[in-house]
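User: Hey, can you walk me through this protein? I'm new to reading structures, so keep it simple.

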Amino acid sequence: MGGSSSGPPQKPRFDAQHRPITAGGFVRSGPIVFQNVARQAGLTVWHHTAGTPAKKYILEAKGPGVALLDYDHDGWLDIYFVNGSTFDALDGKAKPPQAALFHNNHDGTFTNVAAQAGVTNDRWGYGVVIGDFDNDGWPDIYVTNYGKNRLYHNNHDGTFTDVAEKAGVALGGWSAGATFGDYDGDGRLDLFVDGYIDFDTHNPPESGNKVVGYSRCVFHGVMVMCGPRGLKGEPDHLFHNNGDGTFTDVSEKAGVSDPDHYYGLGTVFADVNNDGWPDLLVADDSSPNYLYINKHNGTFEDDSYTGGFAVNEGGREVANMGLALGDYKNDGHLDVVSTTFADDYKVVFENDGTGNFTDESYKAGIALPTMPFVGFGDGFLDYDNDGWLDLFIANGHVYPQVDQHPEWGQSYAQRPQLFHNNGNGTFTEIPPVEGTGLATVSVGRGAAFGDLFNNGKIDVVISNMDGVPVLLKNVSADHHHWIELSLIGGPKSPRDAVGTTVYLTANGMRQRQDVLSGGSYLSSNDFRLHFGLGDATQIDGAEIHWPDRTVEKIAIPVVDRILTIEEGKGIVGGTDVPTTSTDLHPSQH
């Protein structure tokens with residue numbers, strides 16, 4: 001009772017030095033994919049804090065998320081890190097920790113401008129999601145908290161104003177994951193926020209007390225923090241965008257209010273049945289996942305069980321945390337990977353294209369290598385630009401006590417995992433080479449994915465519990481080609497093109513990428529769509545399915561570029577694109 005849903009205890013795995021495999025297993029040589037450049041980039045001046053290192057309560061163990069966004073429109077990704085808090089700060093007895101907004105200096109370094117920008121939050125933060133809710137062409141920031149949430153509206157001058165109260169999306173309680181999406185097709189981004197636990201700081205859950213029904217909260221026989229199981233959950237909220245800067249809570253009417261009060265964490269709007277309308281996925285901790293299929297009339301149908309997404313292959317609910325979405329088989333369907341707790345495999349949900357999912361974790365080669373780890377942030381990324389989506393998982397335990405019991409084969413700080421897509425439905429884990437990014441051991445939580453250096457390679461930012469960030473710069477030795485598309489929606493679509501699907505054909509393959517807001521673990525990725533092209537030097541074509549369900553075919557005459565495409569206008573800009581080239585004239589598309 002009182003813990004995270006997990007499989008039966010597994011046989012501990014150790015490396016040659018008898019370290020738990022979660023903090024070991026390093027090799028002397030092998031492919032070097034990432035280097036942790038967080039210190040050189042200037043990110044380690046900022047530190048996350050949540051409660052005390054003892055993690056007596058579950059409030060101290062979840063979060064933080066991280067978001068990638070170009071807040072100042074200079075063409076380079078900036079980074080927003082959510083911070084936690086302390087019980088003393090909540091009581092007004094101490095200064096609260098502050099969130100960070102790191103501005104990209106275009107030279108590999110970043111500067112924290114959160115105070116000047118007005119986005120320090122100063123509340124107990126968990127998640128962050130990006131979306132242009134008022135269609136003014138500038139990204140806004142939504143931060144979920146224990147307590148009231150923030151909606152930071154972008155003022156177009158490097159500063160933000162919190163409009164959450166005015167907009168009606170502040171809530172209260174304990175919010176975790178959030179996602180923007182235009183569920184009703186009116187061209188405006190709506191907002192979904194899931195709730196985690198009904199937590200009272202003046203009457204917190206402790207092993208043996210009344211709040212947990214006098215139960216003991218144990219893991220492997222040792223007393224640990226209580227929850228989420230045995231605690232009361234929070235409901236979920238769907239806010240409809242009224243178009244005047246305010247939102248209306250339509251959760252119950254839409255059928256997504258979570259009357260069972262499951263423990264919501266990762267969430268994302270995405271079209272999983274290929275009908276052009278965004279569906280809604282919610283990763284629930286130690287309770288069944290939600291799969292809501294959009295009925296095109298402002299309501300959703302709960303297909304969680306019938307769609308095969310609620311539980312794993314064994315029919316068991318798991319401690320779902322992060323959601324990675326991507327078409328890893330290049331068959332045109334969005335598949336999902338859910339991260340889970342230790343002693344449990346991370347779940348690969350393969351999509352048949354109609355929103356029906358099958359657990360393919362063992363077949364894909366993901367199950368066994370991930371079992372010892374506690375997974376949080378995750379994402380599909382084509383790290384070597386070969387045209388096949390690889391999988392990255394950020395890991396970190398929630399119980400510091402595991403370090404006192406090395407015989408369990410688990411560690412509190414853990415290394416991340418990278419799985420290479422073999423192009424046949426299976427993955428192979430890339431071994432962590434000593435001294436490289438994959439050998440970085442930290443208490444990982446949120447992870448966000450994007451091209452931070454504008455060099456056509458996808459990098460990873462990890463937000464850590466009670467620590468400094470990790471910035472994994474992609475240094476993969478491949479020389480494959482690539483293309484990145486920055487999309488602008490037309491008058492009937494969200495301006496930031498959230499909900500757009502692009503099918504790109506090159507190298508004899510048809511790839512799919514979607515503009516998604518949210519996902520991973522309480523985090524938000526680069527909105528630019530990245531396609532690895534392998535050795536192909538030309539693109540055969542791109543088909544863009546905009547949120548207003550307009551379908552456009554675009555000729556893309558270059559590779560190794562970042563292009564801007566506007567709905568109805570074709571290519572309107574691009575990095576280092578020769579402007580004299582006639583075949584780039586928008587009127588020709």
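User: Okay, where does Pro-228 lie?
Analyst: One thing up front: this is a predicted model. Pro-228 lies in the loop between β13 (222–223) and β14 (237–241). The peptide bond that joins Gly-227 to Pro-228 is cis, with omega about 0°.

User: Cool. And what kind of peptide bond runs from Gly-63 to Pro-64?
Analyst: That bond is cis, with omega near 0°. Pro-64 sits in the loop between α1 (38–41) and β2 (66–69).

User: Let's zoom out. How many helices and strands are there in the protein?
Analyst: The protein has seven helices and 38 strands.

User: What radius of gyration does the protein have, and what would a compact globule have?
Analyst: The protein has 22 Å, and a compact globule with 589 residues would have a radius of gyration near 25 Å, so the two agree. Along the principal axes, the C-alpha atoms fill a box of roughly 75 × 55 × 50 Å.

User: What share of the residues is buried?
Analyst: Buried residues make up 64% of the 589.

User: Which residues touch the most other members in the largest nonpolar core?
Analyst: Those are Tyr-80, Leu-101, Leu-151 and Leu-487, in a core of 58 residues. Apart from that one lies another core, of 38 residues, with Leu-59 and Met-465 among them.

User: Back to Leu-151, what does it touch?
Analyst: Not counting residues up to four places away in sequence, Leu-151 touches several residues, including Phe-133, Ile-141, Thr-161, Phe-180 and Phe-247.

User: New topic: Phe-376. Is it buried or exposed?
Analyst: Phe-376 has a relative accessible area of 0%, so it counts as buried. It lies in strand β24 (residues 375–381). Leaving aside neighbours within four places in sequence, the contacts of Phe-376 include Lys-62, Met-321, Arg-445 and Tyr-521.

User: How far apart in space are Phe-376 and Thr-161?
Analyst: They are 30 Å apart, C-alpha to C-alpha, and 215 residues apart in sequence.

User: What about Asp-122, where is it found?
Analyst: Asp-122 is in the loop between α3 (114–117) and β6 (124–131). Although Asp-122 is not a glycine, it has a positive phi of about 60°. Its relative accessibility is 34%, so Asp-122 counts as partly exposed.

User: And what phi does His-296 have?
Analyst: A positive one of about 70°, although His-296 is not a glycine. His-296 is found in the loop between β18 (290–294) and β19 (300–302), and at 39% relative accessibility it counts as partly exposed.

Key
Residues are numbered from 1 along each chain as its sequence is written. This is a predicted model: local features need pLDDT of at least 70, side-chain atom pairs count only at pLDDT 80 or more; totals for chains, interfaces and linings use all residues. Side-chain values use heavy atoms; hydrogens and water are left out. Helices (H or I, at least four residues) and strands (E, at least two) are DSSP runs, numbered from the N terminus. The radius of gyration is taken over C-alpha atoms; the globule rule is 2.2 Å times the number of residues to the power 0.38. Buried means under 20% relative accessible area, exposed over 50%, partly exposed in between (1.4 Å probe, protein chains only). A nonpolar core is a set of buried Ala, Val, Leu, Ile, Met, Phe, Trp, Tyr and Cys residues joined through side-chain atoms within 4.5 Å. Contact means heavy atoms within 4.5 Å.
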